[in-house]
Amino acid sequence: MYRILFTRDPFHQATSGRVTAIMKELQRDILHCIGNTSLLALRNVLPANGSRILLKLEDQNPTGSMKDRMALAMIEAAEADGRLAAGGSVVEYTGGSTGVSLALVCAVKGYPLHIVTSDAFAKEKLAHMKILGARLQIIRSESGRMTEKLTRDMVEAARVVALETGSYWTDQLNNTDQFAAYHKLAEEIWIQTEGQIDGFVQSVGTAASLRGTAEGLLRHNKQIRIVAVEPAESAVLSGGKSGAHKIDGIGAGFIVPLWQPEIANQIERVSTEEAVAMAARLAREEGLFGGTSTGANVVAALRVAEKMGSGKSVVTIMCDTGMKYLSK
């Protein structure tokens, strides 16, 4: 059952039987609440005479982030092929959301989790990981900013922990198991839009969400325009120089291993200032409180919608809830 929210009254689209079926649904555990998130048409943050913009509300996942999908996929794939056995432990480097999601999955499944992260990321994320039982190793940043050096230092620290402890290293920058999660996300979008999607916009961290979702959508329609988003201050994917920025979760500062240039028709550069301003605008004008990566996504989606014109649909992602960033 897929939840679909558009600007028209959703109750006119649902029978009483369907609503009753949703209300009766009983999940086995919190992990079964991952996915099947709503799709919402923006009402006020729109281009003049442009395409409609549909926002996939990934903040509805249990930890408030789309990363719940990929964390579950990586752990279950490792369990299935024996890389992660009963009694094993897990290690990962993360800017926060992946760590929180892994902490949730590992808490439910009973795996000790070692997270390598940094003071560059939101305090709320670090606190959430701790509450869910993760052990944190903090790598100090340069003035609270995301840089290439910080990313590489975190990766190396996680590699050492995995080597010394024998833990399963999810290694999100190289792990292709997560594509399955984003193929499912693509199926949800395809069903919810009834195939009426002309553009898909997503910011790039590991590149897995953009690539996996794009692959899933393009299987249905190869004409869908795929747009990648990166920080303007560190626009390495589009040929710029590596730099520092403050958009959590994206812009590693180097060409990440899972990135494939041919998957995207275009790359949009969005500055930290633009992303923060849009996150605030979404809250004030749409009642949607997301993080800076969501702000970046909508800035880019607006540009795409303006160029596509009326009668088209552009889908982008509300990556997580802004409640993760109150201290920032």
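The exercises below work through strands, salt bridges and a surface patch in a predicted model.

Residues are numbered from 1 along each chain as its sequence is written, and side-chain values use heavy atoms, with hydrogens and water left out. In this predicted model, local features need pLDDT of at least 70 and side-chain atom pairs count only at pLDDT 80 or more, while totals for chains, interfaces and linings use all residues.

**Exercise 1. Determine the strand order of the open four-stranded sheet, and find its edge strands.**

Step 1. Helices (H or I, at least four residues) and strands (E, at least two) are DSSP runs numbered from the N terminus, and two strands pair if DSSP finds at least two bridges between them.

Step 2. Reading across the open sheet gives the order E5-E4-E3-E6, with parallel pairing. Strand E5 (135-139) and strand E6 (168-169) are the edges, since each pairs on one side only.

Step 3. Strand E3 (residues 90-93) and strand E4 (residues 113-118) run parallel and are joined by four bridges, with Val90 standing opposite Leu113 in E4.

Step 4. Helix H3 (residues 97-109) lies across E3 and E4 and runs at about 170 degrees to E4, where axes are lines fitted to C-alpha atoms, for helices over the stretch in contact (heavy atoms within 4.5 Å), and angles run from 0 to 180 degrees between N-to-C directions.

**Exercise 2. Establish which strands are joined to E10, and whether E10 is enclosed or open.**

Step 1. Strand E2 (residues 52-57) runs parallel to E10 and is joined to it by six bridges; Leu57 stands opposite Met318 in E10.

Step 2. Strand E7 (residues 199-203) also runs parallel to E10, here with three bridges, and Gly199 stands opposite Val314 in E10.

Step 3. Buried means under 20% relative accessible area, exposed over 50%, and partly exposed in between (1.4 Å probe, protein chains only). Six of the six residues of E10 are buried, so this strand is largely enclosed by the rest of the structure.

**Exercise 3. Count the salt bridges, and describe the pairs Glu58 with Arg69, Arg145 with Glu142, and Arg303 with Glu268.**

Step 1. A salt bridge is a side-chain nitrogen of Lys or Arg within 4 Å of a carboxyl oxygen of Asp or Glu, and the structure holds 17 of them.

Step 2. Glu58 and Arg69 meet through their side chains at 2.6 Å, N to O. Because Glu58 lies in the loop between E2 and helix H2 (67-81) and Arg69 in helix H2, the pair ties together parts that are eleven residues apart in sequence. Both residues, Glu58 and Arg69, are buried, and they belong to a salt-bridge network together with Lys56 and Glu188.

Step 3. In the pair of Arg145 and Glu142, the closest N and O atoms are 2.5 Å apart. Arg145 is partly exposed at 30% relative accessibility, as is Glu142 at 45%.

Step 4. Arg303 and Glu268 meet at 2.9 Å, N to O. Arg303 lies in helix H9 (residues 292-308) and Glu268 in strand E9 (residues 266-270), so this pair ties together parts that are 35 residues apart in sequence. Arg303 is partly exposed at 21% relative accessible area, whereas Glu268 is buried at 10%.

**Exercise 4. Identify the residues of the nonpolar surface patch and place Leu326 within the chain.**

Step 1. Patches are made of residues with over 30% relative accessible area and no salt bridge, like charges being joined within 9 Å and nonpolar side chains (Val, Leu, Ile, Met, Phe, Trp, Tyr) within 5 Å.

Step 2. Phe289, Met323 and Leu326 form this nonpolar patch, with about 300 Å² of accessible area together; accessible areas come from the Shrake-Rupley method with a 1.4 Å probe, and for residues only the protein chains shown count as cover.

Step 3. Leu326 is found in the segment after strand E10 (313-318), and this residue is exposed, with a relative accessible area of 53%.
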